[in-house]
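Opening my notebook on this one. I wanted to look up a couple of residues, one annotated span and the enclosed spaces.

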Amino acid sequence: MQARSYPLGVHPSRSGDGSANVAVYAPGVAELELVYQRPGGSWRRHRLRGHNHGIHYDTVPPPLRSSPGTGSGSQPAEHDVCAAMPEGTRYGFEQSSPGAKRTPNPERQQIMLDPYGRGLTRLSPPAGVGNPGPDAYGGTYVSEIVAQDHEWQDHDRPSIAWRDTIIYEAHVKGLTMLHPDLPEELRGTYAGLAHPVILGYLQELGITAIELLPIHAHLDEPHLTRNGLSNYWGYNTLSFFAPHHGYATRAAQESGPTAVLNEFKRAVEALHGAGIQVFLDVVYNHTAEGGSEEPAYCWRGLGDRHYYRHDTHGNYVDVTGCGNSMNFADAQVVRMALDSLRYWVTECHIDGFRFDLAPELGRDENHHFTRNHPFFVAVATDPVLQGVRMISEPWDVGAGGWQTGRFPTGWADWNDTYRDTVRDFWLSGQRTMARGGGGGNAGRLAGVISGSADMFAPEGRTTLASVNFVTAHDGFTMYDLTAYDGKHNQANLENNADGTNDNHSWNHGEEGVSDTVGRRSARAKTVRNMMATLLLSQGIPMLTAGDELLRTQGGNNNAYCQDNRISWVDWQLTPWRRSMLKTTKRLIAVRKAFLAGQPSHFPARPEDVLLHWYGPAGLPMTPQLWQTDGSRVVQVLLGSCGGELVGTFVINGSNEPVTVTLPGLEELHTQAKCATGYPVTRGVYQLVLATDSELNEKVDVEFTSGDACRIPAQSIAMFSLA
């Protein structure tokens with residue numbers, strides 16, 4: 001029953017005698033006690049006698065009536081439970097006080113949570129709050145022992161090439177809450193995600209990976225609790241190891257944290273069975289403990305100066321805008337994040353992670369970002385994390401916080417330059433033209449469609465490092481970009497002061513809902529243009545759930561606290577929404593068909609990529625055309641040496657229809673220099689899809705190279721070239 005300072009958390013002792021080994025990093029505490037309650041028992045205290053470099057540890061003996069080598073009841077020890085602290089044991093930590101004899105009551109006094117706790121339970125709601133929500137700030141919480149007893153059936157987990165990945169960013173509750181074909185008890189839950197109705201929809205849509213907004217256990221911020229609101233997005237972590245109980249069915253919640261965990265695991269398993277990978281949006285940059293004026297729940301009480309960033313005067317260094325920033329200059333903080341990632345990969349079969357405010361994780365002891373930070377090195381060399389997708393949100397609010405394109409090789413970055421450029425071309429440019437201006441040119445748009453090489457190539461990264469997106473959870477929906485010039489966040493009760501004012505949007509001449517058919521049609525076409533641009537660009541596309549259904553948030557561009565119909569996906573299929581869904585499915589299918597016709601190494605070898613740009617006359621673009629204000633018509637040819645398929649699409653960003661000359665076969669062969677042979681043999685263009693409804697009716701019509709083709713105003717036409 002020898003105590004060990006590792007692994008951190010609570011685990012069966014290696015001796016196999018039913019005892020538990022408890023270890024916690026608490027460098028700010030001289031003496032630490034475990035406070036715990038076995039199921040059906042009373043609260044007890046146990047001093048952790050071992051102390052090694054800030055880690056307090058000890059073994060907890062089993063009850064006298066237990067049998068060695070067993071867990072709780074029939075639970076075997078390999079389920080990560082033991083007789084000393086069986087499944088359902090509630091616990092936390094408290095600093096030892098000389099002469100203290102009374103065991104604290106965790107329902108009245110918050111004890112320190114286990115940073116490695118795999119289950120979390122609220123014992124009491126906050127006092128003095130009317131109708132507090134389930135995650136209201138100020139309640140008391142304890143960690144709880146869970147059993148790892150789920151029998152996995154996803155032995156053939158989907159293995160999807162990164163270049164073939166299509167990400168769908170979704171909220172567990174928001175995606176499923178309003179679906180009319182889901183049983184009511186499954187709406188808004190992990191189990192709802194696993195239902196055949198949702199799985200079938202995602203499969204038919206064609207996405208390959210679902211990226212879930214934070215499912216780590218989280219807490220509402222104090223001001224939200226005071227205002228009767230909640231943190232819907234969940235970017236306020238209370239545990240890096242426990243799934244959020246609020247997304248489980250009522251039955252699972254009532255059964256306890258093990259049931260909640262197993263329901264989440266079954267959802268992952270079902271998604272894998274549907275051929276869909278699961279990525280988690282994770283928040284390691286700050287915690288729910290908030291600013292220094294707020295009470296401690298965990299890390300602050302165990303070692304505030306070590307877990308959080310401070311300056312030389314002892315003040316918090318806030319690079320997240322959330323009041324506290326985790327100190328990734330401390331080796332144990334780095335270890336905690338790595339252990340958390342490994343846990344979700346090994347125990348929950350997660351395929352990838354998107355890191356919120358990721359530069360914070362790469363800041364050194366001087367709070368400067370470095371792509372060679374020990375955290376990044378450790379991720380790259382960890383055998384458990386090999387092949388797991390790592391995606392950065394490459395900015396925070398600290399000095400030097402914008403790091404798009406500068407993360408290490410092997411990572412992919414959310415490309416905000418892509419987002420703004422696509423919006424500028426299809427929205428801001430249209431607004432400018434409506435006011436008599438030229439609307440800019442296609443130069444910047446061509447750069448991001450090509451994979452933003454200017455941003456990623458200097459660091460030795462390819463176009464596959466760019467996660468392209470037009471919208472995300474944060475900001476306007478794709479439809480709202482076309483319907484609102486300004487934010488409308490009054491429901492957040494912050495006097496419309498929250499959320500960005502830099503939206504790059506255009507309301508097409510009328511703010512909000514419009515009854516004018518022409519304006520509604522123009523908005524829908526603009527959405528189709530942005531979606532088509534996204535799915536035809538080099539890089540990895542990310543769609544936001546509901547954009548394929550013209551989802552609106554009524555102009556709210558910061559719906560982080562709107563756990564209601566403002567944020568939830570509306571599944572009612574009006575003719576407009578049905579048409580958008582059909583277009584999105586077709587665009588995804590076209591992207592997949594194109595990639596299937598390329599060599600497996602495409603586009604990782606830039607020298608083999610065929611990417612050529614032509615003007616309206618079918619001749620290569622000139623510097624004058626690239627630089628002329630109002631030059632918004634361009635043709636792009638994309639393929640690869642040794643490929644079987646070449647794609648061409650024509651962008652008409654002007655307000656008038658344009659007759660373009662499709663590039664001639666001789667011109668194509670002149671520009672292409674392929675040692676392995678050029679894929680185009682006949683020079684026949686076949687119309688595959690058009691974002692203009694009338695032109696789209698001519699799908700499958702063929703054109704010969706050098707033919708003229710009329711492209712309607714503000715639209716994209718896509719061709720396959722054989």
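Entry 1, R354. I'm working from a predicted model. I looked up R354 first and found it in strand 13, which runs over residues 352–355. Its relative accessible area is 0%, so I put R354 down as buried, the cut-off being under 20%. Leaving out residues up to four places away in sequence, I noted that R354 touches E211, Y235, L280, D281, V282, I391, E393, W414 and H473.

Entry 2, N501. This one sits in the loop between helix 13 (478–481) and helix 14 (517–536). I got a relative accessible area of 64% for N501, so it goes down as exposed, since that is over 50%. The N501 side chain makes a polar contact of 3.2 Å with the side chain of K487. I also checked N501 against D485: they are 16 residues apart in sequence, and their C-alpha atoms are 9.3 Å apart.

Entry 3, the annotation. An unreviewed UniProt entry marks residues 177–591 as "domain: Glycosyl hydrolase family 13 catalytic". I make that span 35% helix and 7% strand, with its end C-alpha atoms 30 Å apart.

Entry 4, cavities. I counted two of 30 Å³ or more. The largest holds about 150 Å³ and has 15 lining residues, with H171, Y232, H473, R551 and S567 nearest its centre. Strand 10 (167–170) and helix 1 (172–176) each give two or more residues to that lining. I sorted the lining into seven nonpolar, six polar and two charged residues.

The second largest cavity holds about 60 Å³. Strand 8 (residues 120–124) gives the most to its lining, three residues. Among the others I listed D135, Y141 and H244.

How values were computed:
Residues numbered from 1 in each chain as written. Predicted model: local features only at pLDDT ≥ 70, side-chain atom pairs only at ≥ 80, totals over all residues. Heavy atoms only, no water. Helix = DSSP H or I, 4+ residues; strand = E, 2+ residues; numbered from the N terminus. Buried < 20%, exposed > 50% of the residue type's maximum accessible area, 1.4 Å probe, protein only. Contact = heavy atoms within 4.5 Å. Polar contact = N/O pair within 3.5 Å; in protein donor to acceptor, adjacent residues only side chain to side chain. UniProt positions renumbered as here; feature names shortened; annotations may be inferred. 1 Å grid on protein atoms, 1.4 Å probe; cavity = no way out; pocket = protein on both sides within 12 Å on 5 of 7 lines; lining within 4 Å. Points joined across faces, edges and corners; volume = space filled by probe spheres on them. Nonpolar A, V, L, I, M, F, W, Y, C, P; charged D, E, K, R; others polar.
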